[in-house]
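Grab a coffee and work through a few exercises on the structure below. Try each task yourself before you read the solution.

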Amino acid sequence: MSADQPTVLVIEDEPAQREVLAYNLEAEGFAVFRAETGDEGLLLVEEQAPDIIVLDWMLPGVSGIEVCRRLKMRPETRRIPIIMLSARSEEVDRVRGLETGADDYVIKPYSVVELMARVRTQLRRIRPSTVGETLEYDDIILDAEAHRVHRDGELLRLGPTEFRLLATFMEKPGRVWSREQLLDRVWGRDIYVDTRTVDVHIGRLRKALTRHGGEDPLRTVRGAGYALG
């Protein structure tokens with residue numbers, strides 16, 4: 001799994017449905033994790049911190065609606081978009097799912113094409129750089145599709161790691177990222193890199209951002225990590 005590859009957790013107890021979803025999500029460029037019970041899904045969320053969750057309502061043991069409720073109650077997981085799948089088509093069920101915290105509600109049987117579009121919509125909201133969108137912060141413009149960054153009209157020369165770092169910061173200005181979180185997002189979970197490496201690349205990014213003048217937009221939060229703005 002590459003560091004840029006968005007991740008999705010599919011929690012679905014029906015094997016055929018689970019594999020169809022996984023196949024289509026992988027074809028869309030996602031790294032897919034699978035769970036067949038609510039308990040397994042909750043454990044995988046802690047281990048993998050996926051970008052998006054596709055969650056079936058009817059699960060053995062802990063129900064999908066309870067999984068959703070627990071994840072949306074926790075500060076560290078409440079921002080993960082959840083698309084809930086359900087055969088319950090009544091308005092009261094859709095309202096219950098959305099009020100529990102689901103970001104979208106899809107009724108079974110569903111169109112796989114439509115579901116993939118809904119997944120991409122959620123991804124665009126949380127990680128716009130992965131779908132080639134342009135990000136802007138103050139006088140900094142990051143063109144994810146062309147892989148270029150300008151500041152105050154000047155083209156900046158960034159290495160691939162610095163580019164991914166900046167994209168991460170620009171997707172969520174003001175958010176404080178720990179070194180461990182940046183390692184997961186920028187380097188990937190399958191690669192061992194010392195946390196001090198983050199400091200080295202932050203230093204390079206700062207130098208690139210201020211090469212043509214302007215204040216350093218990156219903020220060091222002592223004991224916590226780094227933030228943009």
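**Exercise 1.** Find out which elements the buried residues of H7 pack against.

*Solution.* Keep in mind that you're looking at a predicted model. Start by picking out the residues: in helix H7, which covers residues 179-187, the buried ones are Leu-182, Leu-183, Arg-185, Val-186 and Trp-187. Next, look at what they touch. Their packing partners are helix H6 (160-171), helix H8 (196-209) and strand E11 (225-228). Finally, step just past the end of H7, where you'll meet Gly-188 with a positive phi of about 100°.

**Exercise 2.** Work out the strand order of the open five-stranded sheet, and say which strands stand at its edges.

*Solution.* Begin with a pair in the sheet. Strand E1 (residues 7-11) and strand E3 (residues 52-56) run parallel and are joined by four bridges. Within this pair, Ile-11 sits opposite Leu-55 of E3. Now extend the picture to the whole sheet: the order reads E2-E1-E3-E4-E5, and the pairing is parallel. Strand E2 (31-35) and strand E5 (104-107) each have a single partner strand, so one side of each is left without a neighbour in the sheet, and these are your edges. As for twist, neighbouring strands here are turned by 20° against each other on average, ignoring direction.

**Exercise 3.** Which strands does helix H2 lie across, and at about what angle does it run to E2?

*Solution.* Trace H2 through residues 38-48 and see what it covers: the helix lies across E1, E2 and E3. Then compare directions with E2, and you get about 145°. Carry on along the chain into the loop between H2 and E3, and there's Ala-49, which leads into the next task.

**Exercise 4.** Ala-49 and Asp-138 both have positive phi without being glycine. For each one, decide whether the residue is buried, partly exposed or exposed.

*Solution.* Take Ala-49, with phi near 45°. Its relative accessibility is 41%, and because partly exposed covers the range between 20% and 50%, Ala-49 counts as partly exposed. Now for Asp-138, whose phi is about 55°. You'll find Asp-138 in the loop between strand E6 (134-137) and strand E7 (140-143). At 69% it passes the 50% cut-off, so Asp-138 counts as exposed.

**Exercise 5.** Is the peptide bond from Lys-108 to Pro-109 cis or trans, and where does Pro-109 sit?

*Solution.* Check omega first: it's near -5°, and the bond is cis. Then place the proline: Pro-109 belongs to the loop between E5 and helix H5 (112-126).

Technical notes:
Residues are numbered from 1 along each chain as its sequence is written. This is a predicted model: local features need pLDDT of at least 70, side-chain atom pairs count only at pLDDT 80 or more; totals for chains, interfaces and linings use all residues. Side-chain values use heavy atoms; hydrogens and water are left out. Two strands pair if DSSP finds at least two bridges between them. Helices (H or I, at least four residues) and strands (E, at least two) are DSSP runs, numbered from the N terminus. Axes are lines fitted to C-alpha atoms, for helices over the stretch in contact, and angles run from 0 to 180 degrees between N-to-C directions. Contact means heavy atoms within 4.5 Å. Buried means under 20% relative accessible area, exposed over 50%, partly exposed in between (1.4 Å probe, protein chains only).
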